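Please open the structure in your viewer and keep the selection tool at hand. The stops below say what to select next and what is to be found there.

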Amino acid sequence: MGFFLRSILLFRSLPSFLSFCCYALHRPVLCLNKGRLREKLNETQNAVFSQGHRDGESGDHLLPSAAKRIHCSRAGAARGRRAPLFPPRTKGAKMAAAAGSGGAAAASVLSRSRFRGCLLGALLGDCLGGGFEAFETVNLAELLRFVRSLQPPEKERPAQDRLAPEVNHKTSSPARQEGECEDLHQEQGGYTDPHREDLGIHFYSDDTAMTHSIVRSLLAKQDFDEVDMAKRFAEEYKKDPDRTYGASVITVFKKLLRPKCRDVFEPARQQFNGKGSYGNGGAMRVAGISLAYSNVQDVKKFAKLSAELTHSNSLGYNGAILQALAVHYALQSVELNREKFVEQLIGHMEEVEADDKSVADARMLGYEELPYSKRLKKIKEFLEQSTVSKSDVVSELGNDIAALRSVPTAIYSFLRCMESHPDIPEDFNSLQRTIVYCISLGGDTDTIATMAGAIAGAYYGEEQVPRSWKYSCESFEETEKLADSLYELYCQRI
Ligand SMILES: [Mg+2]
């Protein structure tokens, strides 16, 4: 009963509520996808760890490939948390122009806009990518129809909303000197979209739930505190378990919730017969670390520790370090040079991956040494080509739930989409293009899109977050508040 009351209160309109009910009735079928993806990863990890290294073979053959994935007409991956793929539209609504055309200019350095852009970009990727999760291939036309359907009727939008994004950007975010923080109490407009209730809401998954837990912990403790963070992960799961958490991480949460748990890293170390998980769960939630620490060594250190609470295999936590570094450099860049950006990441990852455990874990999984560094070099190679097919991207960089086969994909997607893409309409801005491109790759769409969205949002700022997309996502207001508080914390530190 509580579930239905909560649903009615959340939707507050009959069409949206009925639509949600239809979705909920199909939950048993739709939720299979994520569960099966995760089961596949667990099976894969167990298989890898029981077989050990096989000389001369890449671990890729044991990872859950897109080709082996679920063949389901509509991969609503969440357990009843997602709104329908195509939410009900306002009667008479027409397709409105997207928030703006291409252009890869960054927002000003250290603006609140970039902090909001980062967490909102991550939210958009999670909420909008979820409906396509586990598709072997994504039909681009269907995907574009879906994101176009998020647009509210233009005639109902306030005049300033119809301005080109560049105009909005210039008027709301004046360029600032590096190191300068803007007014923390700048007015934000306060526009309430009258059609939001009728547009349908797309729910977030474990990616956002855990991202928010990390941010709340950093804000509460004003620093990294592994005990508090672990407690928040576990309690958030206990409070709201229906966010498509993987079975393996749930066992970690249950151990963390035991009163006798003294070492919060121990449950993760016990996973997979002591080898630890190498999934992308540590990377998908790490953006807040890059928004809390300005020093790159702090970013690396705390990204690793935050990931190790659930992912103790180096292939798992090194992916979180790489994702945190990507957000860090995107946040710091004024005019991002793609080659230099990748070179910076390679420089860090060659050092990160040189330690004994990383070398041993890579060998055990059948990978060459420095596997992240190798994929970053592949990204560089891809960027030198004017076009790269999606099948090449998926086969070389991956679209799995393994961190090694999703974090590099997110980074590549961001960098590739700094420029226009022949498959994506010109009226989409760079952030929109990044998210659409990630989702179009199929596989673990919500997590790859949330990681790419965080990087892109940290670079472009909230000016590139379309109002209609944002208003379609659950808890965007809360996300904005968390971003604002992190911005204040960041400014206090520098
Ligand atoms: Mg998810």
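Select Lys380 in this predicted model and display its surroundings. Leaving aside neighbours within four places in sequence, Lys380 is in contact with Glu339, Val342 and Glu343. Lys380 itself belongs to helix H20, which covers residues 371-384. Now add Lys340 to the selection: 40 residues separate Lys380 from Lys340 in sequence, and their C-alpha atoms are 9.8 Å apart in space.

Keep Val342 on display and select Leu415. Not counting residues up to four places away in sequence, Leu415 touches Leu336, Arg338, Phe341, Val342, Ile379 and Leu383. Val342 is thus a contact of Lys380 and also a contact of Leu415.

Which residues have the most contacts inside the largest nonpolar core? They are Ile411, Phe414 and Leu415, and the core that holds them has 128 residues. To see the helix that gives the most to this core, select H17, residues 314-332, which supplies twelve residues.

Move next to helix H19, residues 356-364. Colour Ser358, Val359, Asp361, Ala362 and Met364, which are buried in this helix. At the start of H19, select Asp355: one of its side-chain oxygens reaches to within 3.2 Å of the backbone nitrogen of Lys357. After H19 comes Gly366, whose phi is positive, near 85°.

The next stop is the metal site. Which protein residues are donors of the magnesium ion? Select Ser205 (OG), Asp206 (OD), Asp207 (OD) and Asp446 (OD), which lie 2.1 to 2.3 Å from the ion. Along the sequence these donor residues follow the spacing S-D-D-x238-D. Asp207 and Asp446 link distant parts of the chain, being 239 residues apart: Asp207 is in helix H9 (residues 206-221), and Asp446 is in helix H24 (residues 445-460).

Stay with the donors and centre the view on Ser205. Ser205 is placed in the loop between helix H8 (196-199) and H9. Its side chain is joined to that of Asp206 by a polar contact of 3.1 Å. Is Ser205 buried or exposed? Ser205 counts as buried because its relative accessibility is 0%, and the cut-off for a buried residue is under 20%. Asp207 is likewise buried, with a relative accessible area of 0%. Asp446 also counts as buried, at 0% relative accessibility.

Zoom out to the whole chain. Its secondary structure comes to 26 helices and zero strands. Of its 494 residues, 63% count as buried. Among contacts with a separation of 6 or more, 80% are between residues 24 or more positions apart. The accessible surface comes to about 19,000 Å², and carbon and sulfur atoms account for 51% of this area.

Finally, colour the chain by pLDDT. The average over the chain is 78, and 68% of the residues score at least 70. Select residues 1-32, where the pLDDT is below 50; beyond near neighbours in sequence, this stretch has 44 contacts in the model. Then select residues 50-103, over which the pLDDT stays under 50 and for which the model has 180 contacts beyond four places in sequence. Where pLDDT is low, predicted coordinates should not be read in detail.

How values were computed. Residues are numbered from 1 along each chain as its sequence is written. Side-chain values use heavy atoms; hydrogens and water are left out. Donors are N, O and S atoms within 2.8 Å of the metal (3.2 Å for Na, K and Ca); water is not among the atoms, so sites may look incomplete. Helices (H or I, at least four residues) and strands (E, at least two) are DSSP runs, numbered from the N terminus. Buried means under 20% relative accessible area, exposed over 50%, partly exposed in between (1.4 Å probe, protein chains only). Contact means heavy atoms within 4.5 Å. Accessible areas come from the Shrake-Rupley method with a 1.4 Å probe; for residues, only the protein chains shown count as cover. pLDDT is the predictor's confidence in each residue, from 0 to 100. A polar contact is a pair of N or O atoms within 3.5 Å; within protein, one must be able to donate a hydrogen and the other to accept it, and residues adjacent in sequence count only if both atoms are side-chain atoms. A nonpolar core is a set of buried Ala, Val, Leu, Ile, Met, Phe, Trp, Tyr and Cys residues joined through side-chain atoms within 4.5 Å.
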